[in-house]
Amino acid sequence: MTDIRFDGKVAIVTGAGGGLGRCHALELARRGAKVVVNDLGAAMDGSGGSSEAANDVVKEIEALGGEAFANGSSVSDTAGVQKMIDDTMAKWGRIDIIIANAGILRDKSFSKMTLQDIELVMDVHLMGSFKPIKAAWDIMKEQNYGRIVVTTSSTGLYGNFGQANYGAAKLGLVGMMNTLKIEGAKNNIKINAVCPVAATRMTEGLMPPEVLAQLKPEYVTPGVMNLVKEDAPTGMVLSAGAGAFSMAEIVETNGAFVGQGDALTAEAVAAKWDQITDKSVQTHFEMGSAHGQNIFRLLSEAAKS
Ligand code: NAI
């Protein structure tokens, strides 16, 4: 098995002052990358801020013999993010890896959730991933090299009570990934998503201590290293927690052609509902156009029968 190394590579990890981001930043540095440690140092609801957390991780990296600098910008601050990209280019001249990891929570049942709770979470998770990735995109294209990871969540993929804002932002990131994997392909830019489960301040109190003890954030990071390595996959959602890993995909059932014109009624759809929702055959489409082709497959199969 060849070692996974990042010598000569420059990585930006957002929200790297603690939790999962800190583990990703330390591991990248251990494996030779120069690392920008971004963290606003905010409380879990996004309030406040201090550069201490990012500075501490930089010190940890330096103690390992690695190179790093701290950036205290909020990922949702457009000018601050641009400055982080400019500072990185001025110091190291390239950007090979971005791990968009910064996050906050504003959990409330939907009745109690304010529009501000929704906008803030969208701003940090969704826009806060778009902004650094967008600012580095043309640099990666020019380099003909880029490895990007966004951080999704089981809430985005499957749902969770009290997290409509968070879930929307987290699945939005998968939507962004699905298109950037296509647009980045010819310039060797690969983009993947990690769906972690880890004991951090975000999950404190949500699970019993003996379960949390299994969920060290360090146990997610080895999976993430595989998403940013030289021969990384692209367009993949990797679930990771407690040292276990799996792949998540959006799939469609085989489906059914119901009819057209007068034959296509709500009742005719209802009559084929079992076939439409039959899960015995399920397919993941590599891109949107394959979804359209599938519709025409059903049409031509129906024409033959
Ligand atoms: P954490 O709260 O320990 O780490 C998040 C970091 O992001 C903090 O250091 C915080 O200061 C920073 N941050 C917050 N807002 C920021 C902003 N505007 N700009 C820059 N930095 C900011 O939480 P954890 O668990 O390490 O979360 C990391 C990512 O993983 C988040 O995106 C989270 O949604 C995601 N995630 C975590 C799960 C878990 O089980 N811990 C489950 C699913 C997803």
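## Polar contacts of the ligand

A polar contact is a pair of N or O atoms within 3.5 Å; within protein, one atom must be able to donate a hydrogen and the other to accept it, and residues adjacent in sequence count only if both atoms are side-chain atoms. This is a predicted model, in which local features need pLDDT of at least 70, side-chain atom pairs count only at pLDDT 80 or more, and totals for chains, interfaces and linings use all residues. Residues are numbered from 1 along each chain as its sequence is written, and side-chain values use heavy atoms, with hydrogens and water left out.

An oxygen atom of the ligand lies 2.6 Å from a polar side-chain atom of Tyr166. A polar backbone atom of Asn101 is 2.8 Å from an oxygen atom of the ligand, and an N or O atom in the side chain of Ser74 is 3.0 Å from a ligand nitrogen. The protein buries 96% of the 820 Å² that the ligand exposes when taken alone (accessible areas by the Shrake-Rupley method with a 1.4 Å probe; for residues, only the protein chains shown count as cover).

## The surrounding shell

Around the ligand are 30 residues (near means a heavy atom within 4 Å). Asp39, Asn101, Tyr166, Thr200 and Arg201 come nearest.

## Aromatic pair

The whole structure holds one aromatic pair (ring centres of Phe, Tyr or Trp, its six-membered ring, within 6.5 Å; planes under 30 degrees apart are stacked, over 60 edge-to-face, the rest tilted). Phe69 and Trp92 form this tilted pair, with 5.3 Å centre to centre and 50° between the planes.
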